[in-house]
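Student: I would like to take a close look at one part of this model, namely its salt bridges and the surroundings of the residues that form them. Please take me through them in one connected account.

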Amino acid sequence: MDRYIRFFYELQRRRVFRVAAAYAVTAWLLVEVSSVVLPAFGLASWVLRVIIVALAAGFPIACLLAWAYDLTAEGVTRDRGPVDDTTDSEPSSRRGASAVLVGAALVVALAGGLASMYFAYAPPRSHLAVLPFRVVNETPDAEVLAAGLLETLTSSITQLGQFEETLWVVPASEITEPMTPSGARERFGVSTVVSGSIQFGEERIRLTLNLIDAKTQRQVQSRQLDVGQRGLLGLQSEATRHLARMLNLPLSSQHSARLTQEDIGDPEAERLYVQGRGVLRKAASLPSIDEAIGLFEQALQAEPAFAGAHAGLGEAYRQKYKRTEDLRWVDAAIRHTQRALAIDSSYAPVWVALGVIRSDQRHDEAAIDAFRRALRIDPGYAEAYRHLGYVYRRLGETERAEETLREAIARQPEYWKGYNALGSFFYSQTRYEDAIAQYEHGLRLASANPSLLNNVAVTYWHQHQLEDAIGAFERILALDSTRTVTQSNLATAYFYLGRYDDAARLYAKAVAQSPKDYALVGALADAQTWGTTQRDDAPATYRRAIALAWEHLSFRDQDPEILGSLAQYYARLHHPDSAHVWLRRLEPLVDSSTAGVTLAFGMGELYESLGQRVPARRWIRSALDRGYGWIPLTRSPWLADLRTDPYILPLLQREGFANATLRTGSRPDGER
């Protein structure tokens with residue numbers, strides 16, 4: 001016991017208690033002041049956390065200093081043990097010792113905190129968009145070459161961030177129209193934009209690059225570059241080097257070597273390649289895609305080992321396949337993409353392009369392998385993680401899909417697309433609140449992004465907030481009247497509200513942009529059937545949908561959605577025998593316990609169309625139990641009779657749709 005008393009006496013004699021109390025009070029005051037001052041200067045919240053941790057770490061240091069050292073006439077020295085304490089007054093050697101020791105401990109703690117901030121500090125990320133260049137003079141192919149240079153320059157700058165996680169670049173495919181820096185910030189969440197102009201002279205090309213702060217719209221830096229008329233990729237390489245310096249980003253040795261290699265390429269092949277990229281960027285029809293293919297092939301004739309031209313052909317053939325669904329073109333896309341990788345296997349975006357093609361074919365293992373190869377080259381490549389997450393979701397590996405999509409966000413936490421992808425995953429799992437949270441996070445970064453706005457509207461729709469959903473769809477079309485998916489979604493909303501003619505008008509616009517989409521054509525036929533102005537057109541539109549579905553079935557003959565659509569279209573045309581033929585092909589492929597919610601509800605609608613009420617109830621209940629189908633059940637004119645069924649009506653009343661039976665719609669005149 002005497003030992004503890006002596007230790008307590010020694011703590012008191014060495015002023016440890018006094019120093020500890022003084023340190024705690026001083027540290028508390030510093031934290032209080034910092035919590036007010038730091039936000040006023042716009043400093044991040046983590047700075048205050050570093051100060052708190054540093055001060056907490058300094059507390060034991062202050063106590064140790066008080067124990068070990070004393071303040072004497074010779075300065076701070078080691079403690080020499082007990083002194084003769086026969087008076088009530090303190091020895092002069094101890095006066096001010098506590099204050100000095102507390103100050104020393106604070107200096108050590110804050111110095112350590114500042115050092116940790118220095119070593120842990122990551123420079124702010126550059127969120128960059130390259131906007132379309134203004135063409136100064138109108139020469140033949142000037143607009144096409146400027147568009148192609150935008151594509152190649154964006155691709156080259158993207159590689160700057162391959163080993164530096166301080167840069168991400170908006171893909172050129174997302175920038176489909178001229179916009180202001182503030183518009184780019186609202187749509188993509190970027191902090192910086194590159195804009196400028198390009199002038200084609202008889203012998204030289206002049207490119208002006210402006211680096212602009214997207215928030216303040218203030219020009220930060222500007223460069224003017226001149227190269228020979230035929231050295232387009234040389235101009236791209238020089239522009240990339242200048243932008244790297246403007247952004248304070250180092251060039252990796254691999255990227256420097258790639259730029260040097262591009263500088264000494266065949267000038268004619270370069271021009272043809274850039275022109276092909278420009279044509280493909282603006283391609284709105286099959287003839288335009290064929291023109292781009294011809295330019296890439298000419299580039300390969302001039303330089304057979306041109307990896308970029310092979311990659312361009314792969315992309316062009318994939319676009320042709322998407323428009324025609326002709327398997328010849330997907331085979332050509334794979335062949336040229338693989339040729340590009342055989343020439344240069346170090347370019348991660350080409351591996352992603354191959355993975356996307358394989359994913360389109362439902363060759364999931366091959367797609368996963370391609371995305372993983374991209375990630376071995378560039379471990380921070382968020383787009384590869386997003387596509388990989390989509391494949392895992394399709395395979396039913398939901399935990400793995402969510403983990404992969406969250407990894408994409410971790411790699412690019414300031415990019416809206418990661419939150420959009422995770423929100424879409426939650427939406428597919430009917431986790432609507434979680435989906436809304438992700439979409440809204442993305443909108444905080446990109447407040448006018450049409451994809452996010454569309455997905456928020458769709459989720460509102462499935463939460464039965466119909467007016468909010470329609471308002472969001474209409475807002476999106478006010479920003480971009482050509483968005484097919486939004487036209488289709490708003491048309492569906494109008495259909496369920498009984499505005500059939502408005503629905504038919506919007507579906508027709510969507511079909512004009514996607515003429516091979518059998519589902520859109522079928523939806524147009526439904527709206528025409530119930531509308532007042534185009535009822536006579538409905539049978540021909542259904543037959544057109546059937547022909548398109550047949551084309552798709554030629555290479556996806558076991559696809560339940562295609563088989564179900566064919567059966568439904570024949571049922572709508574009052575050809576029950578033909579409908580039953582397709583239903584018999586479909587039934588062995590689906591099960592109500594494992595089918596997706598949209599397919600399950602569609603099966604219920606199909607059975608109801610064919611007068612088979614018992615399986616119709618079972619399939620629709622399967623979808624309802626998973627949170628899908630209440631709106632079409634309560635509002636679709638095709639399901640008016642089902643809403644009065646003794647089995648279905650109590651379900652509607654339980655969910656608060658007591659008046660659902662009033663929304664029956666009016667039957668179209670005549671039989672088809």
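Student: Is glutamate 151 buried or exposed, judged by its relative accessible area?

Tutor: Keeping in mind that this is a predicted model, glutamate 151 is buried, because its relative accessible area is 17%, and the cut-off for that class is under 20%. Its salt-bridge partner is arginine 281, and the closest N and O atoms of the two are 3.0 Å apart. This pair links distant parts of the chain, since glutamate 151 lies in helix H5 (residues 142-158) while arginine 281 lies in helix H9 (residues 267-282), 130 residues apart. Arginine 281, for its part, has a relative accessible area of 23% and is therefore partly exposed, so that in this salt bridge a buried acid meets a partly exposed base.

The contact between glutamate 151 and arginine 281 belongs to a wider set, for the count of salt bridges comes to 22. Another member joins aspartate 502 to arginine 505, with 3.9 Å between the closest N and O atoms, and the criterion asks for a side-chain nitrogen of Lys or Arg within 4 Å of a carboxyl oxygen of Asp or Glu. Here the partners are three residues apart in helix H22 (residues 500-513), which means that about one helical turn separates them. Aspartate 502 is partly exposed at a relative accessible area of 26%, and arginine 505 is likewise partly exposed, with a value of 40%.

A further salt bridge connects glutamate 551 with lysine 516, whose closest N and O atoms are 3.5 Å apart. This pair, too, links distant parts of the chain: glutamate 551 sits in helix H24 (residues 538-553), lysine 516 in the loop between H22 and helix H23 (518-530), and the two are 35 residues apart. Glutamate 551 counts as partly exposed because its relative accessibility is 37%, and lysine 516 counts as partly exposed at 34%. Elsewhere, salt bridges with shared partners join Glu402, Arg406, Arg431 and Asp434 into one network.

To set beside these charged contacts, there is also a nonpolar patch on the surface, formed by Val25, Trp28 and Leu29, which together have about 330 Å² of accessible area. Leucine 29 is located in helix H2 (residues 16-40), and this residue counts as partly exposed because its relative accessibility is 44%, a value that fits the requirement of over 30% for residues in such a patch.

Technical notes: Residues numbered from 1 in each chain as written. Predicted model: local features only at pLDDT ≥ 70, side-chain atom pairs only at ≥ 80, totals over all residues. Heavy atoms only, no water. Patch = residues over 30% accessible without salt bridge, like charges linked within 9 Å, V, L, I, M, F, W, Y side chains within 5 Å. Areas by Shrake-Rupley, 256 points an atom, 1.4 Å probe, with all protein chains shown as cover. Helix = DSSP H or I, 4+ residues; strand = E, 2+ residues; numbered from the N terminus. Buried < 20%, exposed > 50% of the residue type's maximum accessible area, 1.4 Å probe, protein only.
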